[in-house]
Amino acid sequence: MIKGGFGATFWLAARLFLHPKSPAAVYKNPVPFILHVYARLANLWISARGGDQVCLICGRRGAFGYVAAISDQTLIRNSLCFGCGSNSRTRTLLFYLKSRLPNGQLKILDIGPLKSTRLFFRDLDCTYETLDRYGEATYHDDVTDMSSIPDETYDIIFCVQVLQHISDDLGAMSEIRRILKPDGVAYVVVHQFPSSDKTRRSPQASYLGYGFEWLYGEDFRVRLESAGFFADMISTDKFISEQDLKRHGLMAQVLYASRPKATAKS
Ligand SMILES: [Zn+2]
């Protein structure tokens with residue numbers, strides 16, 4: 001994330017600020033620009049500093065850095081791993097899964113894979129496949145039309161921080177359900193706005209990977225269920241100790257373990 005140093009940092013920050021479609025331009029304020037520059041510069045200092053935190057994915061020891069959450073215009077502390085690029089939200093889900101993946105030869109699909117999730121699954125005894133429109137991936141389909149993949153293929157589908165960027169998110173959920181085995185589980189993580197009851201369209205479109213199509217509210221579970229899932233809400237308070245939270249740079253959040261409704265099969 002800090003690769004490229006000052007020049008790249010300022011160039012990206014300028015694009016985020018100056019482009020007419022950027023979140024900063026849409027909101028007509030300089031806060032996203034300031035957050036981005038602040039996070040990048042602070043991370044140069046934090047990455048060089050020592051610390052006693054440990055990344056559970058890549059094993060890096062040190063301190064975790066800031067992540068600038070452009071859409072809700074906040075800085076998340078204690079989040080970015082300088083070794084694998086994971087953030088606290090992704091690490092929390094992987095921390096949960098680490099001791100709970102069932103035995104046996106699982107078939108896993110990672111939608112919108114990250115360097116950190118690739119690392120995590122690489123050493124597991126499983127068939128790990130990826131889907132992304134760009135870059136290195138097993139499939140290059142759009143998540144709303146994964147027609148290269150037959151019905152009921154996967155035991156586990158992993159979809160982290162993807163759906164809020166998809167205009168037809170219900171179409172994507174429906175496709176995920178189609179390719180999941182009847183006893184499979186989809187772990188879906190989205191950016192949720194806990195102070196908001198209802199999901200809304202974002203006033204901005206995604207730009208350079210920043211900004212959302214959807215601002216998800218407390219009703220995200222209803223949305224998953226309308227696409228044919230039973231969605232269990234897992235509160236991280238139940239499985240993360242205060243010590244693990246600090247040591248591994250995790251965060252309190254709600255995870256959704258979604259299983260296909262038997263009657264919803266098309
Ligand atoms: Zn790491």
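Leaving aside neighbours within four places in sequence, I176 is in contact with I157, C159 and A186. In this predicted model, I176 also belongs to the largest nonpolar core, a set of 48 residues in which I157, C159, I176 and V188 touch the most other members. The chain that carries this core has 8 helices and 12 strands, and 34% of its 266 residues count as buried.

**The core and the two domains**

- Strand β7 gives the most to the largest nonpolar core, with 6 residues.
- Because domain 1 (5-85) and domain 2 (89-264) both give residues to this core, the core lies between them.
- Among contacts in the chain between residues at least 6 apart in sequence, 60% join residues at least 24 apart.

**The open sheet**

- An open sheet is formed by 6 strands in the order β6-β5-β7-β8-β12-β11, and the pairing within it is mixed.
- At the edges stand β6 (126-131) and β11 (229-235), each with a single partner strand, so one side of each is left without a neighbour in the sheet.
- From one strand to the next, the twist averages 20°.

**Strand β5 and its two partners**

- Strand β5 (residues 106-111) runs parallel to β7 (residues 154-160), to which it is joined by 4 bridges.
- Within this pairing, L109 stands opposite I157 of β7, while I111 has C159 as its bridge partner in β7; I157 and C159 are both among the core residues that touch the most other members.
- Strand β5 is also joined to β6 by 6 bridges, and these two strands run parallel, with K107 standing opposite T127 in β6.
- Between these two strands the chain crosses from β5 through α5 to β6, and this β-α-β crossover is right-handed.

**Helices that pack on the sheet**

- Helix α5 (residues 115-122) packs on the sheet, where it touches β5, β6 and β7, and its direction makes about 170° with that of β5.
- Helix α6 (residues 169-179) lies across β7, β8 (180-189), β11 and β12 (254-260), and runs at about 140° to β8.
- In helix α4 (residues 88-98), the buried residues are S88, T90, R91, T92, L93, L94 and F95, and the buried residues of this helix pack against β4 (74-80), α5, β7, β8 and β12.

**Two residues with positive phi**

- Most residues other than glycine have a negative phi.
- N78, although not a glycine, has a positive phi of about 60°; N78 is found in strand β4, and because N78 has 18 C-beta neighbours inside 10 Å, where 20 or more would make a residue buried, it counts as partly exposed.
- Q161 likewise has a positive phi of about 60° although it is not a glycine; the place of Q161 is in the loop between β7 and α6, and Q161 is partly exposed, with 17 other C-beta atoms within 10 Å.

Conventions
Residues numbered from 1 in each chain as written. Predicted model: local features only at pLDDT ≥ 70, side-chain atom pairs only at ≥ 80, totals over all residues. Pairing = 2+ DSSP bridges. Axes fitted to C-alpha atoms, helices over the stretch in contact; angles between N-to-C directions. Contact = placed C-beta atoms within 7 Å. Buried ≥ 20, exposed ≤ 12 C-beta atoms within 10 Å, placed from the backbone. Right-handed = clockwise from strand over helix to strand, strands pointing away. Core = buried A, V, L, I, M, F, W, Y, C linked by C-beta atoms within 7 Å. Domains from an automatic or database assignment.
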